[in-house]
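Subject: Structure handover and notes

Hello,

Here is the structure I said I would pass on. Please open it next to this email and read the two together.

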Amino acid sequence: MKKNVLAWIGAGLWCWFAAGELPAFAAQTERSHFIVALDGSGDFTKIQDAIDHVPDHRLERTVIFLKNGIYDSEKLIVPKEKTNITLLREDREKTIVRYHMYDCSSETSANKCPAESWALWRGNRDLVRTSATLTVAADGFIAENLTLENTAGPVGQAQALTVTGDRGIYRNCNLNSYQDTIYLWKAGQRIYFENCLIIGRTDYIYGASIAFFEGCEIRSWGGGWITAPATPKEQPYGFVFHRCRLTYADHSPRPGDDGRFFSLGRPWHNYPKVAWIECEMSNMLDPLGWPTKWRMDYFNTSRDLHLYEYGNTGPGADMSGRAAWAGLRALTEAEAADYTVEKVLGDPEKEW
């Protein structure tokens with residue numbers, strides 16, 4: 001699997017990632033690569049300024065290198081026209097991009113809170129469509145070794161990341177929030193996550209896109225649901241988790257969460273498709289897997305919902321107590337062979 005993912009990223013860019021260094025030509029006259037540093041030692045002090053400086057519809061990759069620091073004063077967007085951008089880190093734990101907006105009931109601030117924060121960004125409609133710290137509308141976006149988080153806490157929808165673009169790659173990233181951490185919004189769009197830590201409690205990986213999670217840690221606070229999928233009926237894949245670890249988070253920011261089971265998910269709408277392949281599952285996973293009946297009168301009887309498991313391990317992997325839904329079952333070995341990254345996301349040499 002990894003061989004083809006390297007093809008998507010490009011051999012040269014991968015070498016920079018592996019070495020953990022900024023490309024040597026970043027300081028050359030050809031300004032296709034930029035440094036962001038809070039202390040003024042780079043080309044920009046703000047991430048959005050660097051993004052906005054990238055030429056529209058660029059075919060070549062532009063690398064924006066973030067020096068260590070906590071970037072917490074910006075609600076960020078990669079607009080649709082800013083294609084093929086990479087946000088590259090100096091250190092995963094020391095390069096933190098965070099904001100604090102959340103959805104609320106406030107007509108005066110377009111149902112976004114805090115109102116004073118919303119007021120800073122109200123002129124950019126795409127930016128405030130969700131409360132995400134980072135919205136990615138462009139194709140070909142890559143994030144490497146970053147922490148993206150929404151610090152609003154248990155107050156409502158508060159995304160760390162909203163994605164509407166295609167061909168996104170997130171590698172070695174921490175993605176943290178409480179509710180709705182990652183919104184994979186648009187059907188048909190393809191996103192790849194590798195070796196990421198994703199933290200949340202309520203529907204914290206959700207949407208209609210096609211996403212492949214390779215070797216990620218999925219860390220849940222108690223009482224909630226990992227996924228809220230909304231896969232279109234005609235779309236063959238939704239969310240695929242391969243060799244991931246489902247772990248439990250103590251000390252929830254919300255009283256009453258600790259000690260409760262978490263769940264694989266709850267269907268949102270359309271015909272959700274989620275596959276768990278060779279994952280390690282915590283003993284705090286609800287034995288039902290999908291325990292919640294939520295606003296869909298057909299979800300437990302329709303075989304067009306594909307809620308699949310195969311080859312998982314750990315105390316939570318026992319399927320004998322799973323909910324008796326028509327579309328919830330174990331894959332056969334032959335069926336599981338169709339859940340490779342190439343088949344789920346497409347041939348990178350032809351499509352990426």
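The notes below go through some strands, the cysteines, and then the pockets and the cavity. Please keep in mind that this is a predicted model.

**Strands 13, 16, 18 and 20**

Start with strand 16, which covers residues 190-194. Of its 5 residues, 5 are buried. In a regular strand the side chains alternate between the two faces of the sheet. In strand 16, R190, Y192 and E194 point one way, while I191 and F193 point the other way. Both groups are buried.

Strand 16 has a partner in strand 13, residues 168-171. The two run parallel and are joined by 4 bridges. If you want a place to look, G168 has I191 of strand 16 as its bridge partner.

Strand 16 also pairs with strand 18, residues 210-214. This pairing is parallel too, over 5 bridges. I191 turns up again here, standing opposite A211 in strand 18. Further along, E194 stands opposite E214 of strand 18.

Is strand 18 mostly covered or mostly open? It is mostly covered, with 5 of its 5 residues buried. I210, F212 and E214 lie on one side of strand 18, A211 and F213 lie on the other, and both sides are covered.

From strand 18 you can step on to strand 20, since 4 bridges join these two parallel strands. The bridge partner of A211 in strand 20 is F239. So you can trace a path by eye: G168 pairs with I191, I191 stands opposite A211, and A211 pairs with F239.

**Cysteines**

A disulfide is a covalent bond between the sulfur atoms of two cysteines. How many disulfides does the model have? The count is 1. This disulfide joins C104 to C113, with an S to S distance of 2.1 Å. The torsion about its S-S bond is about 80°, so the disulfide is right-handed. C104 and C113 are both buried.

Why does C196 not form a bond with the closest cysteine sulfur? That sulfur belongs to C216 and is 4.7 Å from the sulfur of C196, which is too far for a bond. The cut-off used for a disulfide is 2.5 Å between the sulfur atoms. C196 itself is buried, with a relative accessible area of 2%.

C244 is a similar story. The closest cysteine sulfur to the sulfur of C244 is in C279, at 4.7 Å, and this is too far for a bond. C244 is buried, with a relative accessible area of 1%.

**Pockets**

Rolling a probe the size of a water molecule over the atoms shows where empty space is left. The largest pocket holds about 290 Å³ of space. Its lining has 14 residues, and those nearest its centre are K80, R129, A137, T164 and K186. Sorted by class, the lining of the largest pocket has 3 nonpolar, 6 polar and 5 charged residues.

The second largest pocket has about 160 Å³ of space. It is lined by 13 residues, and Q48, D52, K75, W121 and L127 are the closest to its centre. Two or more lining residues come from each of helix 3 (47-53) and helix 4 (115-121). Helix 3 gives the most, with 3 residues. By class, the lining of the second largest pocket has 5 nonpolar, 3 polar and 5 charged residues.

**The cavity**

How many cavities of 30 Å³ or more does a search of the whole structure find? The search finds 1. The space inside the largest cavity is about 50 Å³. Its lining is made up of P236, Y237, G238, F239, V240, K273, V274, A275, H306, Y308 and Y339. Strand 20 (239-242), strand 23 (273-277) and strand 25 (306-310) each give two or more residues to this lining. The largest share, 3 residues, comes from strand 23. By class there are 8 nonpolar, 2 polar and 1 charged residues in the lining of the largest cavity.

One residue links this part to the strands above: F239 lines the largest cavity, and F239 is also the bridge partner of A211.

Regards

Note on methods:
Residues are numbered from 1 along each chain as its sequence is written. This is a predicted model: local features need pLDDT of at least 70, side-chain atom pairs count only at pLDDT 80 or more; totals for chains, interfaces and linings use all residues. Side-chain values use heavy atoms; hydrogens and water are left out. Buried means under 20% relative accessible area, exposed over 50%, partly exposed in between (1.4 Å probe, protein chains only). Two strands pair if DSSP finds at least two bridges between them. On a 1 Å grid over the protein atoms alone, a cavity is a set of points where a 1.4 Å probe fits but cannot get out, and a pocket is an open set with protein on both sides within 12 Å along at least five of seven lines; lining residues have an atom within 4 Å of a point. Grid points are joined across faces, edges and corners, and a volume is the space filled by probe spheres set on the points. Ala, Val, Leu, Ile, Met, Phe, Trp, Tyr, Cys and Pro count as nonpolar, Asp, Glu, Lys and Arg as charged, and the others, Gly among them, as polar.
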